Amino acid sequence: MCGIVGYVGREEALPLILGGLERLEYRGYDSAGVALIEKGKLIVDKKVGKIRELVKSLWGKPYKAKIGIGHTRWATHGAPSEENAHPHTDEKGEFAVVHNGIIENYLTLREELKKEGVSFRSNTDTEVIAHLIAKNYNGDLLEAVLKTVRKLEGAFAFAVITVHEPERIVGVKQGSPLVVGIGKGENFLASDIPAILPYTRNVITLSDGEIADITPEGVNIYDFEGNPVAKEIMIVPWDIISAEKGGFKHFMLKEIYEQPKAVGDTIRGLVSEGDLPFSLKDFRRILMIACGTSYHAGLVGKFWIEKYAGVPTEVVYASEFRYADFPVSDEDLVVGISQSGETIDTKFALNFAKERGAKTLALVNVVGSSIDRESDYSLYTHAGPEIGVAATKTFTAQLTALLFLAVKGSEREEEALRSIMKIPSKLEKTLELSEDLENLALKYMKKKDFLYLGRYLSYPIALEGALKLKEISYIHAEGYPAGEMKHGPIALIDENMPVVVIAPKDRVYEKTLSNIEEVKTRKGIVLTVGYTGDERLKKISDEFIAVPEVEEDLSPFVTVVPLQLLAYHIASKLGLDVDQPRNLAKTVTVE
Ligand code: F6R
């Protein structure tokens, strides 16, 4: 995945680049590095570990360079090590490259370069770019980059600087994200907008096949043939304040608490954006494609769409979609659900569906992201930037948008919209549970395994609760349809197994209570999430988490919040890195 930052201007580049990298750390944090040009020389510093290791190593070094590039890495090719950390340079140390994505034909290129006598210092795919640019350089960095990109295959973005032209950065986008920030007498490059938000809100989002040529005075965009491309400058509507922690210990907790606002803003945004340019009923089938938490939102959305629009709906993992023989046609609407709008599995799956004639709808949080730009239609969750790696407020915002999509144009649109408007206040009430969940966390944080069960709308919520726990606390957790338990997983239950059951009073309530009895009979520890005042449920539970009662359709909003809080408090009490759990990155731009 990785994050890239570049700066050229009149200020000292290093602090700006390090600040930008810190804001991109969610993209990966195995190693980090910077390259600066000072007094005609290339200075490269890199360290294994998080950005703070790099900052420590640079502490007190008197670099005054006005140009530089930086990188935070999530290892794909080559283990996390100093040699494999970016920036990578050519043999003479005149060119430095930072790169995000994968060069698929790098082994062939590496062999060709080796035959020409080039020696490699790392195991990365990136190093070939540095050597190729050096080889192709003839006094013009842009020209050398143009020659180089024609040889590269894969999905990637990179930035390059050279001592020969110490006021110029060239950035390339092909499949991985890259934006240009426009300043006064200074310009920026970054993988994502938050990296440069403190310095500018004027941004150009590059499209695939584009190259940015950046100096302090200007930015020119070209295609891979070297033809100039006219681009619009977008003014970013976010405020940097909303990307700071605001007094909370972790971004994740802050973002859990921001859910009433995220949901409210999403409703208001969707309503003000007006009618959809299509009707779900125009399609034979709806296919929803997503990964992780976004996939779980899709599973909930399926029930709503089938109920309100009556169109058969399937939800498929994006990573599974493209390589199966999925029959897709122009009668299908394919919805890509993605917080970042950059997840490569989702992006490729949508492109695959589009090539087969399907109409595509992006449901994204990041306006201007690749998935947004490449889809026929877009719907936005107005949740604001999400920094914690574990998705929380963007999940409930996705639910909001999916419910909106499902009811739009149906006979029950008005009534359903009135119900959606009540969600923020119900969420406020649910957040009051935080202290109770902290106490439960203390009691259960040493458990090795958890089961999460639910039926109907609560089944995807069980999956989401289990995902939250495993990704930030490293405790093994499984989500299961409660009725499936007796077909196998029930064998796992004994007196050490906490079983979290989501049991709102809905059409499957009685069935869920029977499933709880099955757990109790096997001596499992029963933690339930149910409606306030549900004495029956409380009586058969070891722990009862009471959320405010809502209409049947709305239960996922209120039942997911305590599961997010439980996972958060367990990970926090275990002293783990809640916002940046091991092995993960916020935006996954590799297959
Ligand atoms: C889990 C989580 C991931 C993402 C997944 C898709 O908390 O955040 O599972 O949901 O990587 O990301 P987006 O929605 O950006 O496509």
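In this predicted model, helix 12 and helix 13 meet through Thr400, Leu403, Phe404 and Val407 on the helix 12 side and Glu413, Ala416, Leu417 and Ile420 on the helix 13 side. By class, this contact has 6 nonpolar, 1 polar and 1 charged residues. Two packed helices are described by the angle between their axes and the distance between the axes. Here the axes of helix 12 (residues 393-407) and helix 13 (residues 413-420) come within 9 Å and cross at roughly 165 degrees. Helix 12 is therefore roughly antiparallel to helix 13, and their crossing is right-handed.

Helix 16 (residues 458-473) contains glutamate 464. Glutamate 464 counts as buried because its relative accessibility is 0%, which lies under the 20% cut-off. Its side chain makes a polar contact with the side chain of lysine 468, at 2.6 Å. Beyond neighbours within four places in sequence, glutamate 464 is in contact with Thr293, His296, Ala391, Phe395 and Val560.

The backbone also deserves attention. Most residues other than glycine have a negative phi, and most peptide bonds are trans. Two residues with positive phi are listed below.

| Residue | Phi | Loop | Relative accessibility |
|---|---|---|---|
| Lysine 39 | near 50 degrees | between strand 2 (31-38) and strand 3 (41-48) | 80%, exposed |
| Tyrosine 474 | about 60 degrees | between helix 16 and strand 21 (476-481) | 27%, partly exposed |

Neither lysine 39 nor tyrosine 474 is a glycine.

Which residues does a cis peptide bond join? The bond links histidine 86 and proline 87, with omega about 0 degrees. Proline 87 is found in the loop between strand 4 (67-73) and strand 5 (88-89).

Key:
Residues are numbered from 1 along each chain as its sequence is written. This is a predicted model: local features need pLDDT of at least 70, side-chain atom pairs count only at pLDDT 80 or more; totals for chains, interfaces and linings use all residues. Side-chain values use heavy atoms; hydrogens and water are left out. Helices (H or I, at least four residues) and strands (E, at least two) are DSSP runs, numbered from the N terminus. Buried means under 20% relative accessible area, exposed over 50%, partly exposed in between (1.4 Å probe, protein chains only). A polar contact is a pair of N or O atoms within 3.5 Å; within protein, one must be able to donate a hydrogen and the other to accept it, and residues adjacent in sequence count only if both atoms are side-chain atoms. Contact means heavy atoms within 4.5 Å. Axes are lines fitted to C-alpha atoms, for helices over the stretch in contact, and angles run from 0 to 180 degrees between N-to-C directions. Angles under 35 degrees count as roughly parallel, over 145 as roughly antiparallel, 65 to 115 as roughly perpendicular and the rest as oblique. A crossing is left-handed if the near helix is turned anticlockwise from the far one by less than a right angle, and right-handed if clockwise. Ala, Val, Leu, Ile, Met, Phe, Trp, Tyr, Cys and Pro count as nonpolar, Asp, Glu, Lys and Arg as charged, and the others, Gly among them, as polar.
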